[in-house]
Amino acid sequence: MIIRIFRATVHKELHIEFMEKFREISIPLVKTQQGLVALEIGEPTQWHPNEFVMISTWETEQHIRNFVGDQWNEAHIPSGMEKYVVQCWVRHYRNVPL
C-alpha cells in the first residue's frame, strides 16, 4: 500500500470558503477513486495556521496513477481549487504493516 500526503498552504482570508469547496469538490473526487483504502483530512493548528492536509492510503501506485496521471508524484489540484492554494506539495510512502 502507498500513503499519499498532500499538504497545502491556503490564503488565511479564504479558509472558510476553501473548506466548503474542499468538502464539495476534493473529498468526493478522491473518495470515488478505485483503490482508495483510507482518507484523513487535517485542518490547521496553532503551529501551522494556514496548512491543510489530506492523507490517503492506496492499494497500489497504479491506483494513484489512474487517478492523477503519470505525474502522480506531483500535487493534483482539482479545477476550481487553485485560487485558494499559496503553495502545496505531495509525498508518497510505502505502508509498513504493524
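The following paragraphs lead through a predicted model, beginning with helix H2 and moving on to strand E3 and the salt bridges.

Helix H2 spans residues 61–68, and its buried residues are His 63, Ile 64, Phe 67 and Val 68. Seen down the axis of H2, these buried residues fall within an arc of 115 degrees, so they line one face of the helix. The elements against which the buried residues of H2 pack are strand E1 (2–10), helix H1 (15–31), E3 and strand E4 (85–94).

Both ends of this helix have a local feature. At the N-terminal end, Thr 60 acts as a cap, with a side-chain oxygen lying 3.3 Å from the backbone nitrogen of Gln 62, while just after H2 the residue Gly 69 takes a positive phi of about 100 degrees. Arg 65 also belongs to helix H2, but because its relative accessibility is 26%, Arg 65 counts as partly exposed. When neighbours within four places in sequence are left aside, Arg 65 is in contact with Asp 70 and Trp 72.

Strand E3, which comprises residues 51–58, contains Thr 57. Is Thr 57 buried or exposed? With a relative accessibility of 15%, Thr 57 lies under the 20% limit and therefore counts as buried. Apart from residues up to four places away in sequence, Thr 57 touches Met 1, Ile 2 and Ile 3, as well as Gly 35, Leu 36, Val 37 and Ala 38.

Strand E3 also takes part in one of the salt bridges, of which a search of the whole structure finds six. Here the side chains of Glu 51 and Arg 7 meet, at an N to O distance of 3.4 Å; since Glu 51 lies in strand E3 and Arg 7 in strand E1, the pair ties together parts that are 44 residues apart in sequence. Arg 7 itself counts as partly exposed, at 28% relative accessibility.

Another salt bridge joins Arg 23 and Glu 43, whose closest N and O atoms are 3.7 Å apart. This pair links distant parts of the chain, with Arg 23 in helix H1 and Glu 43 in the loop between strand E2 (36–42) and E3, 20 residues apart. Glu 43, at 47% relative accessibility, counts as partly exposed.

A further salt bridge leads back to helix H2, where Glu 61 pairs with Arg 94 and the closest N and O atoms are 2.7 Å apart. Glu 61 lies in helix H2 and Arg 94 in strand E4, so this pair ties together parts that are 33 residues apart in sequence. Glu 61 counts as partly exposed at 28% relative accessibility, whereas Arg 94, at 59%, counts as exposed.

Key:
Residues are numbered from 1 along each chain as its sequence is written. This is a predicted model: local features need pLDDT of at least 70, side-chain atom pairs count only at pLDDT 80 or more; totals for chains, interfaces and linings use all residues. Side-chain values use heavy atoms; hydrogens and water are left out. Helices (H or I, at least four residues) and strands (E, at least two) are DSSP runs, numbered from the N terminus. Buried means under 20% relative accessible area, exposed over 50%, partly exposed in between (1.4 Å probe, protein chains only). Contact means heavy atoms within 4.5 Å. The arc is that of the directions from the helix axis to the C-beta atoms. A polar contact is a pair of N or O atoms within 3.5 Å; within protein, one must be able to donate a hydrogen and the other to accept it, and residues adjacent in sequence count only if both atoms are side-chain atoms. A salt bridge is a side-chain nitrogen of Lys or Arg within 4 Å of a carboxyl oxygen of Asp or Glu.
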